[in-house]
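Hi there,

As promised, I am handing over the structure we talked about. Have a look at it first, and then read on for what I found in it.

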Amino acid sequence: MSARLPINLMLVEDERIVAFDLKRQLQGFGYNVESVVASGEQAIIRAAENKPDLVLMDIHLEGHMDGIEAAATIRAHHQIPVVFLTAYAEDDTLRRALESRPFGYLIKPCEGRELHATIQMALARREEEVAVEQSEQRLKLALDAASLGVLEWSPLSNRLKGDVYLGMLFGNRPQPLDEPWEAFIERVYEADRERVSNALTTKLPGGKAVSVEFRLAGDALPIRRMEAHAKAYGNGGAVQRVVGILQDVTQRRQDEAVLRQSSVVFHTTAEAIVITDAGRRIIAVNTAYTRITGYAETDVLGQDPDILLRVSPAFKHYEENFLSEADGFWQGEVRCHRSDGSAFPAWQSVSVVRDVSGSVTHFVTAFSDVTAIYDAQQKLQHLAHHDPLTCLPNRLLFEERLQYAIEQAMRNEQRCILLFLDLDGFKVINDTLGHAIGDELLRVVGKRLRDILRSSDTIARLGGDEFVILAGSFNPNYAAQLAEKILHQLRLPVTLPGGPLSISGSIGIAMFPDNGTDSQQLMRAADMAMYTAKAEGRNRYHFYAADMSERAHQRMNIEQGLRRALVSDGLVVHYQPRVDLASRRIVGVEALVRWQHPERGIISPADFIGIAEECGIIEHLGRWVLHRACTEMLKVVQGRACAETFHVSVNVSPRQFLGADFVATVRAVLSETGFPASALELEITESTLQATERSLSILHALDELGVPVSIDDFGTGYSSLSVLRDLPIQRIKIDRSFIVDLPASQNQRAVVEAIVALSKAMTMQITVEGIEHAAQATILQELGCQEGQGYLFARPLPLVDLQKLLDS
């Protein structure tokens with residue numbers, strides 16, 4: 001088989017006649033002799049220029065370089081096969097020639113056909129070498145592309161060899177690896193060494209390929225991981241060599257870990273995730289998708305998610321986001337439908353996935369059901385605009401509705417009516433019966449009011465015990481009718497855990513535009529009208545009148561002036577004597593506060609006590625009176641005979657009495673003033689006793705302190721005889737209203753007789769208030785009353801005048 005033609009040859013021969021003859025023969029065989037040179041130096045130059053297919057080289061040439069040296073250079077630099085054609089065959093010459101790895105060696109003179117055959121064999125060998133080189137190159141490129149290192153272990157020499165890449169894997173050294181097996185094992189993570197040794201030595205003789213993964217030793221992070229695949233080769237069951245590949249799988253393992261983590265996130269995240277192809281067909285959904293929508297993955301594969309869930313807005317409304325941007329993204333609120341048809345709001349985000357060429361391959365949609373957020377927002381909205389106790393609109397919502405009602409009334413030339421309701425005595429109920437009872441009472445009142453109003457009317461709780469009602473009407477009489485209905489509902493007994501309770505209310509009425517042209521004016525007018533209703537006796541309603549503004553201004557002046565009086569010593573205490581009806585001796589006094597106004601003179605407590613209770617300074621005022629009375633009356637008490645009893649009684653409001661620190665206050669005042677506890681008498685009202693458990697503990701604490709307690713205005717409030725029986729009460733005071741018509745009134749006489757009989761049964765003393773006539777004093781003494789006080793004996797007196805009276 002002849003090699004391909006034409007074949008380009010280069011002839012290196014220093015004898016011209018021989019060279020000419022060889023060229024002629026070669027051309028006769030069809031070869032193309034491109035160049036003929038006579039020296040090794042020329043041969044190297046022409047080989048680089050012409051790249052002949054084969055060189056015929058003489059050994060002894062002109063110049064300093066012989067043919068063997070020239071052949072080695074050409075072979076090393078250009079991989080051109082060389083055939084020696086020489087007249088010499090000495091051993092030394094042959095040895096040197098062999099080192100250059102020639103493709104033939106002919107002795108001149110040689111026959112032409114022999115030369116032709118040698119050239120053909122050399123060219124065939126070269127073709128095989130080129131094929132092998134190309135195959136090796138392809139293998140090397142493939143190994144490089146796969147990041148694989150080739151290893152070979154010889155059991156006989158116990159050495160492990162590897163290519164350049166293997167050296168790189170084991171220490172970034174760009175050179176082949178050649179080391180003992182022990183050195184290789186030292187590179188393996190200590191915990192993996194035994195397993196690697198077993199895999200690559202013990203298990204190999206079976207003839208099957210094995211694979212093993214291990215970690216490399218070292219402190220570098222992350223720890224590098226290697227994967228080896230190897231197979232043993234040999235004869236007769238004896239392993240002669242082990243050949244395999246080694247790959248760094250660190251990144252692959254990290255990627256696999258990330259994929260596992262991503263898979264866990266995908267299936268466990270609370271958000272529904274949908275993966276679709278470029279055509280918006282579902283290829284995967286997670287568990288949350290099934291939980292939120294009710295659709296299983298098998299039911300939705302291949303479907304359009306927007307059509308399946310009836311999503312609005314659908315993908316087409318924001319599709320341009322993904323056409324114009326490389327990293328397209330959209331998010332927003334959508335409305336979806338579950339498998340059962342129910343709708344739900346969702347917050348959705350859509351991302352695009354592109355391949356390396358930028359083409360869209362997938363869409364990833366994530367959404368969460370925000371129904372709970374909507375519900376929470378609605379609850380927050382409700383809480384922001386409604387009273388949490390009664391669920392009625394609060395001040396904020398009421399002001400919005402009032403403003404809107406005024407605007408509508410102006411536009412339609414109509415009236416709107418505003419009613420301001422304040423429960424009478426609610427503070428006393430709250431303080432005596434407790435906040436739980438007070439809250440329940442407010443809830444009941446709120447429901448009753450809501451039930452009697454029209455759907456177009458608005459009721460709101462402003463705070464505390466204040467309610468406002470907004471109604472639109474052409475007829476002003478509707479306001480009075482509505483007020484009467486409200487008062488009637490309030491009078492109905494309320495069943496509470498502590499028993500039935502009856503209350504009342506005071507209502508102020510203002511109208512737009514008659515009493516105000518904006519919401520603030522209207523609220524202020526209704527508030528003033530309400531205070532007027534309270535001042536006129538409570539449990540009633542009152543329309544706003546122009547003069548109420550002046551009275552409200554006066555009320556504010558009283559409140560501010562009273563506060564100043566408390567800190568500037570503008571108050572004084574007068575004392576009304578208490579007289580023993582039998583001997584007509586003064587046996588005690590009642591301390592009564594007076595306001596010494598710089599402009600108006602002495603102001604009666606009837607003009608400011610109610611305001612003090614409403615504005616919350618009654619406790620401060622009560623402590624001041626207690627301290628002043630004990631201070632001023634100390635000398636009077638100490639000046640009385642030892643056997644003579646003399647009491648100083650001081651009125652205590654329910655709020656002050658039920659305060660957390662009242663007993664401590666009394667103890668502190670007695671300690672600061674030195675006033676004897678037995679000479680102090682505290683007067684409380686019957687309403688104070690409604691908070692039975694609280695008042696009982698305070699009464700017992702005062703009893704242990706040695707301070708007696710009396711019930712003021714007995715019979716005008718609410719008293720349970722079973723409660724009175726168990727309380728440490730030393731005295732009851734009969735109110736003036738029960739004796740004003742004595743001795744003529746038989747009814748009043750019967751009432752007094754009953755109270756006296758009750759006091760004797762409970763071993764209580766009696767003091768009668770408001771005695772103005774001698775006949776009253778006489779009949780009261782005959783009926784069994786021990787003490788009395790009133791204008792018959794003395795009016796309330798300043799301390800100086802009282803001292804003169806006592807001295808006389």
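Let me start close to the end of the chain: helix H28 is followed by glycine 784, whose phi is positive, near 110 degrees. Please keep in mind throughout that this is a predicted model. H28 itself spans residues 774-783, and its buried residues are Gln776, Ala777, Ile779, Leu780 and Leu783. What do the buried residues of H28 pack against? Their partners are helix H27 (746-761) and strand S31 (765-769).

Now for the overall layout. The domain assignment divides the chain into domain 1 (8-138), domain 2 (147-254), domain 3 (272-374), domain 4 (386-544) and domain 5, which is made of two segments, 576-593 and 617-807. Taken over C-alpha atoms, the centres of domain 3 and domain 4 are 53 Å apart.

There are two sheets I would like to show you. The first is an open sheet of 5 strands with parallel pairing, in the order S2-S1-S3-S4-S5. Strand S2 (32-37) and strand S5 (104-107) are at its edges; each has a single partner strand, so one side of each is left without a neighbour in the sheet. From one strand to the next, the twist averages 20 degrees.

Strand S4 (residues 82-86) deserves a look of its own. With 5 of its 5 residues buried, S4 is largely enclosed by the rest of the structure. Both of its faces are covered: Val82, Phe84 and Thr86 lie on one side, Val83 and Leu85 on the other, and all are buried. S4 pairs in the parallel sense with strand S3 (residues 54-57) over 3 bridges, and there valine 83 is the bridge partner of leucine 56. S4 also pairs with S5, again in the parallel sense, over 4 bridges; here phenylalanine 84 has tyrosine 105 as its bridge partner.

The second sheet is also open, but its pairing is antiparallel: 6 strands run in the order S8-S7-S6-S11-S10-S9. Strand S8 (177-180) and strand S9 (210-215) form the edges, and because each has a single partner strand, one side of each is left without a neighbour in the sheet. The twist averages 25 degrees from one strand to the next. Helix H9 (residues 250-268) packs on this sheet, where it touches S9, strand S10 (225-235) and strand S11 (238-248), and its direction makes about 130 degrees with that of S10. Within the sheet, strand S6 (residues 148-154) and strand S7 (residues 159-162) make an antiparallel pair over 4 bridges, with tryptophan 153 opposite leucine 160 in S7.

Next, a helix pair. The axes of helix H16 (residues 426-433) and helix H17 (residues 435-452) come within 6 Å and cross at roughly 140 degrees, so the two helices are oblique to each other. H16 contributes Phe426, Ile429, Asn430 and Leu433 to the contact, while H17 contributes His435, Ile437, Gly438, Leu441 and Leu442. By class, that contact has 6 nonpolar, 3 polar and no charged residues.

One last residue for you: lysine 534, in helix H19 (residues 519-535). Is lysine 534 buried or exposed? Its relative accessible area is 11%, so lysine 534 is buried. Leaving aside residues up to four places away in sequence, lysine 534 touches Asp422, Leu423, Asp424, Ser506 and Glu614. Its C-alpha atom is separated by 98 Å from that of arginine 187, 347 residues apart along the chain.

Enjoy exploring it!

Best wishes

Key. Residues are numbered from 1 along each chain as its sequence is written. This is a predicted model: local features need pLDDT of at least 70, side-chain atom pairs count only at pLDDT 80 or more; totals for chains, interfaces and linings use all residues. Side-chain values use heavy atoms; hydrogens and water are left out. Domain bounds come from an automatic or database domain assignment. Two strands pair if DSSP finds at least two bridges between them. Axes are lines fitted to C-alpha atoms, for helices over the stretch in contact, and angles run from 0 to 180 degrees between N-to-C directions. Contact means heavy atoms within 4.5 Å. Angles under 35 degrees count as roughly parallel, over 145 as roughly antiparallel, 65 to 115 as roughly perpendicular and the rest as oblique. Ala, Val, Leu, Ile, Met, Phe, Trp, Tyr, Cys and Pro count as nonpolar, Asp, Glu, Lys and Arg as charged, and the others, Gly among them, as polar. Buried means under 20% relative accessible area, exposed over 50%, partly exposed in between (1.4 Å probe, protein chains only).
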